Amino acid sequence: MQNNIRDRDAEALLDAGLALMVAGGGRRPRVADIVAAAGLSNDAFYRSFASKDALVEAIVERGARTLVGYVRHRIAQAAGRGPEARLRAGLEAVVRQAADATLARQTRAVLANATGHAPRASHVTVALVDALAALFAQPAAELGSGDPMRSARTAAGAVVAALQYWLFTEEVPGRAETEHLVGFLLAGVRAPDPRRG
């Protein structure tokens with residue numbers, strides 16, 4: 001029972017922290033504001049998180065898990081249409097984070113809070129790229145990549161970097177930008193492995 005309360009409190013604090021980050025245009029909220037918005041106490045906050053950095057880190061990690069789940073879902077929806085369609089669906093799902101105004105605003109606010117503040121924020125980015133690469137590796141192998149995991153990791157790293165660029169410049173990638181990026185990455189996945197030359 002106690003763990004359920006802590007889990008509910010943690011989720012309420014994460015939701016409140018994210019909402020305040022978005023409402024503040026990426027400004028870092030105070031613990032007092034987060035607990036007030038969640039309807040909880042400082043004690044509840046510190047039972048769930050060691051610090052505000054830990055809360056920001058948890059918000060970033062939750063966002064990354066949500067994105068990976070969404071990419072996995074989109075790839076599964078493309079099952080039966082071939083490896084290019086599956087990889088395309090996964091790459092486009094990442095780009096959607098910048099193309100959807102609500103998602104872009106949330107992600108931008110979280111990244112603004114994570115950059116330079118949460119000590120493990122860069123590890124979350126590495127974990128995100130690795131998780132996406134794991135989803136992209138099978139389609140990459142089926143497309144003939146000489147080194148599917150390397151190709152998948154390169155594609156994942158490139159699409160995450162493009163996402164961050166669009167978020168920080170507040171550009172909204174249209175169909176042409178998405179097609180260019182996805183086409184470029186698909187060509188790269190099919191490129192011969194230079195180590196086998």
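The following exercises, each with a worked solution, concern a predicted model of a protein chain.

**Exercise 1. The overall make-up**

Determine how many helices and strands the protein chain has, and what share of its residues count as buried.

*Solution.*
Step 1. Count the elements: the protein chain has 9 helices and 0 strands.
Step 2. Read them in order from the N terminus, which gives α-α-α-α-α-α-α-α-α.
Step 3. Turn to burial: 41% of the 197 residues of the protein chain count as buried.
Step 4. Consider the contacts with a separation of 6 or more in the protein chain: 70% of them are accounted for by residues 24 or more positions apart.

**Exercise 2. The crossing of H4 and H5**

Describe how helix H4 and helix H5 cross, and state which residues make the contact.

*Solution.*
Step 1. Recall the general description: two packed helices are described by the angle between their axes and the distance between the axes.
Step 2. Apply this to H4 (residues 52–77) and H5 (residues 83–99): their axes come within 8 Å and cross at roughly 145°.
Step 3. Add the handedness: the crossing of H4 and H5 is right-handed.
Step 4. List the residues in contact. H4 contributes Leu67, Tyr70, Val71, Arg74 and Ile75, while H5 contributes Arg86, Ala89, Gly90, Ala93, Val94, Arg96 and Gln97.
Step 5. Sort the residues of this contact by kind: 7 are nonpolar, 2 are polar and 3 are charged.

**Exercise 3. Two residues of H4**

For Val71 and Arg62, decide whether each is buried or exposed, and find what each touches.

*Solution.*
Step 1. Place Val71: this residue lies in helix H4.
Step 2. Compare its accessibility with the cut-off: buried means under 20% relative accessible area. Val71 has 0% relative accessibility and therefore counts as buried.
Step 3. Find its contacts. Not counting residues up to four places away in sequence, Val71 touches Gly90, Ala93, Val94, Leu132, Leu135 and Phe136.
Step 4. Take one of these partners, Val94. Val71 and Val94 are 23 residues apart in sequence, and their C-alpha atoms are 6.9 Å apart in space.
Step 5. Place Arg62, which is also a residue of H4. Its relative accessibility is 16%, so Arg62 counts as buried.
Step 6. Find the contacts of Arg62: leaving aside neighbours within four places in sequence, they are Glu11, Leu14, Asp15 and Leu18.

**Exercise 4. The buried face of H8**

Establish which residues of helix H8 are buried and how they are arranged about its axis, then examine Leu163.

*Solution.*
Step 1. Describe the helix: H8 (residues 148–169) has 22 residues. From first C-alpha to last, H8 reaches 31 Å, close to the 32 Å expected at 1.5 Å a residue.
Step 2. Identify the buried residues of H8: Ser151, Ala152, Ala155, Ala156, Val159, Val160, Ala162, Leu163, Trp166 and Leu167.
Step 3. Look down the axis of H8: the buried residues fall within an arc of 160°, so they line one face of the helix.
Step 4. Select Leu163 from that set; its relative accessible area is 6%.
Step 5. Find its contacts: leaving aside neighbours within four places in sequence, Leu163 is in contact with Val94, Gln97 and Ala98. The C-alpha atoms of Leu163 and Ala98 are separated by 6.1 Å, although the two residues are 65 residues apart along the chain.

**Exercise 5. From H8 to H9**

Describe Glu170, and then state which residues of H9 are buried and which are exposed on its other side.

*Solution.*
Step 1. Locate Glu170: this residue is in the loop between H8 and H9, just after H8.
Step 2. Recall the general rule: most residues other than glycine have a negative phi.
Step 3. Compare Glu170, which is not a glycine and yet has a positive phi of about 60°.
Step 4. Check its accessibility: at 55%, Glu170 counts as exposed.
Step 5. Continue to H9 (residues 175–190), whose 16 residues reach 22 Å from first C-alpha to last, close to the 22 Å expected at 1.5 Å a residue.
Step 6. Identify its buried residues: Thr178, Leu181, Val182, Leu185, Leu186 and Val189. Seen down the axis of H9, they fall within an arc of 130°, so they line one face of the helix.
Step 7. Turn to the other side of H9, where Ala176, His180 and Phe184 are exposed.

Conventions. Residues numbered from 1 in each chain as written. Predicted model: local features only at pLDDT ≥ 70, side-chain atom pairs only at ≥ 80, totals over all residues. Heavy atoms only, no water. Axes fitted to C-alpha atoms, helices over the stretch in contact; angles between N-to-C directions. Helix = DSSP H or I, 4+ residues; strand = E, 2+ residues; numbered from the N terminus. Left-handed = near helix turned anticlockwise from the far one by under 90°. Contact = heavy atoms within 4.5 Å. Nonpolar A, V, L, I, M, F, W, Y, C, P; charged D, E, K, R; others polar. Expected span 1.5 Å × (residues − 1). Buried < 20%, exposed > 50% of the residue type's maximum accessible area, 1.4 Å probe, protein only. Arc of directions from axis to C-beta.
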